[in-house]
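Thank you all for making time this morning. I would like to walk you through one structure, going from the overall layout to a few individual side chains.

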Amino acid sequence: MKQMWIGLCMVLCVIGDSAVAKERVVYLSSQSISSRAPSDTTLGTYFVATVAIPEDIEGSRIHRAFLECFVDVDTRAVEGVELNGAVFEVYALTSDLAGEFAGESIREPSPMRVNVPVGSRRMVRVDLTETVRWWMQDAGNNHGLVMGSLSNLRAGMFTVRSDVFRNGAVARLRLFTR
């Protein structure tokens with residue numbers, strides 16, 4: 001009986017905790033994301049995104065943060081084997097990316113990875129909670145994100161869609177605060 005009450009209290013605490021969270025959505029316009037083709041042809045096109053966090057949000061109040069975008073996904077054969085999906089990776093940059101992405105200038109722990117099946121209009125949702133909190137500790141930490149198939153885990157080619165969100169946005173950052 002005591003365990004049942006403890007379980008019920010835990011459920012009520014979780015429901016109560018999520019009920020007080022408020023959501024803010026930041027849309028990333030097509031001007032805030034640039035497409036880059038690497039000279040290393042084993043990698044697909046990758047994207048560099050500038051993300052502006054609203055100044056009126058306190059970092060300590062960030063409960064969760066998710067980056068969402070829709071992509072078209074294609075793959076390359078790896079050693080003659082056709083793949084049915086690709087890995088979409090997101091890295092937080094520690095400095096501005098002036099040249100090509102080569103693995104330097106990324107925040108550890110990184111990256112955030114999501115398996116995405118081949119097809120059109122595939123939703124990608126990446127948990128950026130720790131990255132956004134880090135940015136909120138010091139706005140100077142925010143040098144944006146680099147995303148795509150970057151480590152050749154499963155060679156993917158992504159095209160970010162701009163026809164899904166309103167205003168032609170290519171992605172959105174959903175911030176949940178307390």
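**Two phenylalanines and their surroundings**

Let me begin with two residues: F66 is buried, and F176 is buried as well. Please keep in mind throughout that what you see is a predicted model.

How are the rings of F66 and F176 arranged towards each other? They form an edge-to-face aromatic pair, with 6.3 Å from centre to centre and 75 degrees between the planes. Since F66 belongs to strand β4, residues 62–75, and F176 to strand β10, residues 171–177, the pair ties together parts that lie 110 residues apart in sequence. F66 has a further partner, in that the charged end of R125 sits over its ring, 3.9 Å from the centre.

A search of the whole structure finds 4 aromatic pairs, and ring pairs also link Y27, F70 and F165 into a cluster.

Let me stay with strand β10 for a moment, where T177 is also placed. Is T177 buried or exposed? With a relative accessible area of 11%, T177 falls under the 20% cut-off, and therefore it counts as buried. Leaving aside residues up to four places away in sequence, T177 touches V20, A21 and K22, and also I57, R61, I62 and H63.

Stepping back to the whole chain, the protein has 2 helices and 10 strands, and from the N terminus the order reads α-β-β-β-β-β-β-β-α-β-β-β. Of its 178 residues, 42% count as buried, while the exposed surface comes to about 9,800 Å², of which carbon and sulfur atoms supply 52%. If we take the contacts with a separation of 6 or more, 78% of them are between residues 24 or more positions apart.

My last example is strand β6, residues 112–117, which pairs with strand β5, residues 85–92, in the antiparallel sense over 6 bridges. Within that pairing, E89 stands opposite R113 in β6. Which residues of β6 make up the covered face, and which the uncovered one? M112, V114 and V116 are on the covered face, whereas R113, N115 and P117 are on the uncovered one. As general background, in a regular strand the side chains alternate between the two faces of the sheet.

To close, I would come back to where we started, with F66 in β4 and F176 in β10, an edge-to-face pair whose two members are both buried.

Terms used
Residues numbered from 1 in each chain as written. Predicted model: local features only at pLDDT ≥ 70, side-chain atom pairs only at ≥ 80, totals over all residues. Heavy atoms only, no water. Helix = DSSP H or I, 4+ residues; strand = E, 2+ residues; numbered from the N terminus. Buried < 20%, exposed > 50% of the residue type's maximum accessible area, 1.4 Å probe, protein only. Contact = heavy atoms within 4.5 Å. Areas by Shrake-Rupley, 256 points an atom, 1.4 Å probe, with all protein chains shown as cover. Phe/Tyr/Trp six-rings, centres within 6.5 Å; stacked < 30°, edge-to-face > 60°. Lys NZ or Arg CZ within 6 Å of the ring centre and 35° of its normal. Pairing = 2+ DSSP bridges.
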